[in-house]
Amino acid sequence: MLYLITHAYFMSYHAATTPVLRKYWTSMKPGALRWIGGVFLVLALAYFTAFMEAFTIQSVPYYHIEDRFTFYTIGSTFYMLYFVISFPMFARVEETGDKWSLARTAIDSLGSAMIVFCLCDFWRLIVGGLGSIDSSKMPFVY
C-alpha cells in the first residue's frame, strides 16, 4: 500500500528542498565559500529528510525494527546517499528557464541513478552490511 504513494513522498521532498537550495545559490556570490556551504547544506537537507522518513515510518505495522539506533543513524546515513545526488540534480531542472528535452531529462536522470548506484556499492564495499545476513546465500553479493 505504501508503494503507491512513494512518488508523492519523493516529489514532496524535492519540491520542499529546491526553493531552499535555489535561495542559497542565488543569495551568495560564486566562489569556494558558496560551494562548500552548498555541499554542507545538501548534506544537512539529505540527512534530515532521510532521518525524518525513517522516524515517521516507525509506527507503520508492516515494519519490524530490531535496532532503532542503527536504523535511525546508520540507516539514515545510507538513505541520504540518494538525496545527496537527487536534490541538486532536481533543482537544476529548467533552472535557467530553458526548456529541457525528454532526452536531456532522461540522460540526467539515468546519470543520477548511476551515481547513486555507485555510492551505494561503495558503501557496501567500505562499510558493509548492517545485520547478520548470510551473504553467501544471496546472489551477486561478494
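Here is a short walk through this structure, from the whole chain down to one residue.

Let's begin with the overall picture. The model you are looking at is predicted. Its protein contains four helices and zero strands, so if you follow the chain from the N terminus, you meet the elements in the order α-α-α-α. The protein has 142 residues, and 23% of them count as buried. Its accessible surface comes to about 10,300 Å², with 71% of that belonging to carbon and sulfur atoms. How do the contacts spread along the sequence? Taking those between residues at least 6 apart in sequence, 69% join residues that are at least 24 apart.

Now find helix H2, which covers residues 32-56. You can check its length yourself: at 1.5 Å a residue, its 25 residues should span 36 Å, and the C-alpha atoms at its ends are indeed 36 Å apart, so the two values agree.

Which residues of H2 are buried? They are Gly-38, Val-42, Leu-45, Ala-46, Thr-49, Ala-50, Glu-53 and Ala-54. These buried residues pack against two other helices, H1 (6-27) and H3 (68-92).

Finally, look at Trp-35, which also sits in helix H2. Is Trp-35 buried or exposed? A residue counts as exposed when its relative accessible area is over 50%. Trp-35 has a relative accessible area of 62%, so Trp-35 is exposed. Together with Ile-36, Val-39, Phe-40 and Leu-43, Trp-35 makes a nonpolar surface patch of about 510 Å².

Note on methods:
Residues numbered from 1 in each chain as written. Predicted model: local features only at pLDDT ≥ 70, side-chain atom pairs only at ≥ 80, totals over all residues. Heavy atoms only, no water. Expected span 1.5 Å × (residues − 1). Buried < 20%, exposed > 50% of the residue type's maximum accessible area, 1.4 Å probe, protein only. Contact = heavy atoms within 4.5 Å. Patch = residues over 30% accessible without salt bridge, like charges linked within 9 Å, V, L, I, M, F, W, Y side chains within 5 Å. Areas by Shrake-Rupley, 256 points an atom, 1.4 Å probe, with all protein chains shown as cover. Salt bridge = Lys/Arg side-chain N within 4 Å of Asp/Glu carboxyl O.
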